[in-house]
Each structure stands twice: as C-alpha cells, then as structure tokens.
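User: Could you take a close look at the largest pocket of this model and tell me what lines it, and then place it in the chain as a whole?

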Amino acid sequence: MNVTIDLIDEVERLTEEHFQLLSGLIEKACEVEQITEEAELSITFVDNKKIHQLNQEYRGIDRPTDVLSFALEEMGEEEIEMIDEEMPRFLGDLIISIPKVEEQAKEYGHSFERELGFLAVHGFLHLLGYDHMTEEEEKEMFAKQEEILHAYGLERS
C-alpha cells in the first residue's frame, strides 16, 4: 500500500513535524482500513473564514466548522467510469480549520497535535463512507477513530 497525501497549508502555521504526524496517521488509517491499493487524498489547512464559506456553500450551514470531507467516491457511476483504472484510488479532499484545532484542543484539554490528528482521522473516515448520523453509526465511527489513533500512539494527553 502506498498513499500519497497532498498537504496544503494556506495559513502557513504548520511545521514539518505536523506534516509527518499527519502522513503517519493517514498511513496507519489505511492499514487499519485495509486499503491495499495505491491511494491519494489532499488535506488543506485553512482559517475560519474560509471553512465558514465552504460550509455555507456545500452544506448550507452558516458557521465555521472544524473539518470538511469531500469524498470522490460519492460521485455518480458515470463519473467514476471515466477514471483510468491504472490511476491511484483518489479518496477525496479534507479541509481542516487550524483556528478550530487550536480552540478545540484547549476546550478538550489536550494537545494541538492530538486534535489535529483526531480531525484528520475523522475526516478520512468520512472519505471512506463512515458517518455519525445515528447513534449506531456514531459508535462505530468513533470506535474506529480511537482504534486508529491508539494504533498510531496518539493518545489524549
């Protein structure tokens, strides 16, 4: 398995260590989810103004959020058929608000890195089709998040 992750820091506040953390976490998530083929996704880091705009435009929710997931695999079948089978499996795009990461890390009493990793894994699982609209779905998704974070060694601090 080889996963390519395009990391785009629009706020210019992340370090190489943050990028290494996220790459390792996503690789661990692919391993746990048994994604064995070549895969690709992008993660863009933005401010609250940008994520607010995207949340309004794509979800009709007029406020900033912490993470947005845009899964390529949710496209219609005719669009997917146009994709060359030799290409990597493109999972989609994640958008993460860095101010929300900071705010929620303080609120939950853990590190910036733990919150950043949590949101990346949360968004990644959405790309794979996990959701938390029902209590049962939420239990499954949140247990999977904790499994991945624990397997990687990113515990609550």
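Analyst: A residue is called buried when its relative accessible area is under 20%, and exposed when that area is over 50%. By that cut-off, 43% of the 157 residues of the chain count as buried in this model, which is a predicted one.

Before turning to the pocket, it helps to have the order of the elements in mind. The secondary structure comes to six helices and four strands, and from the N terminus on these elements run β-α-β-α-β-α-β-α-α-α. At the start of the chain, strand E1 (residues 3-9) pairs with strand E2 (residues 39-46) in the parallel sense, over seven bridges, and within this pairing threonine 4 stands opposite glutamate 40 in E2. Together with helix H1 (residues 16-32), the strands E1 and E2 make a left-handed β-α-β unit. As for contacts in the chain between residues with a separation of 6 or more, 69% of them join residues that are 24 or more positions apart.

Now to the part you asked about. The largest pocket has a volume of about 690 Å³. It is lined by 28 residues, of which Arg59, Val67, His122, His126 and His132 are the closest to its centre. The elements that give two or more residues to this lining are helix H2 (48-59), strand E3 (67-71), helix H4 (98-108) and helix H5 (112-127). Among these elements, H5 gives the largest share of the lining, with seven residues. Sorted by class, the lining of the largest pocket has 13 nonpolar, eight polar and seven charged residues.

Since H5 gives that largest share, one residue of this helix deserves a separate look, namely phenylalanine 112, which lies in helix H5. Phenylalanine 112 counts as buried because its relative accessible area is 18%, and the cut-off for buried is under 20%. Leaving aside residues up to four places away in sequence, phenylalanine 112 touches Leu14, His18, Ile98, Val101, Glu102 and Ala105. One of these partners, isoleucine 98, is 14 residues away from phenylalanine 112 in sequence, while the two are 9.3 Å apart in space when taken from C-alpha to C-alpha. When you follow this helix in the structure, you can therefore pick out phenylalanine 112 as a buried residue, with its 18% relative accessible area, and then look along H5 as the element with seven residues in the lining of the largest pocket.

Terms used. Residues are numbered from 1 along each chain as its sequence is written. This is a predicted model: local features need pLDDT of at least 70, side-chain atom pairs count only at pLDDT 80 or more; totals for chains, interfaces and linings use all residues. Side-chain values use heavy atoms; hydrogens and water are left out. On a 1 Å grid over the protein atoms alone, a cavity is a set of points where a 1.4 Å probe fits but cannot get out, and a pocket is an open set with protein on both sides within 12 Å along at least five of seven lines; lining residues have an atom within 4 Å of a point. Grid points are joined across faces, edges and corners, and a volume is the space filled by probe spheres set on the points. Ala, Val, Leu, Ile, Met, Phe, Trp, Tyr, Cys and Pro count as nonpolar, Asp, Glu, Lys and Arg as charged, and the others, Gly among them, as polar. Buried means under 20% relative accessible area, exposed over 50%, partly exposed in between (1.4 Å probe, protein chains only). Contact means heavy atoms within 4.5 Å. Two strands pair if DSSP finds at least two bridges between them. A crossover is right-handed if, with the strands pointing away from the viewer, the path from the first strand over the helix to the second runs clockwise.
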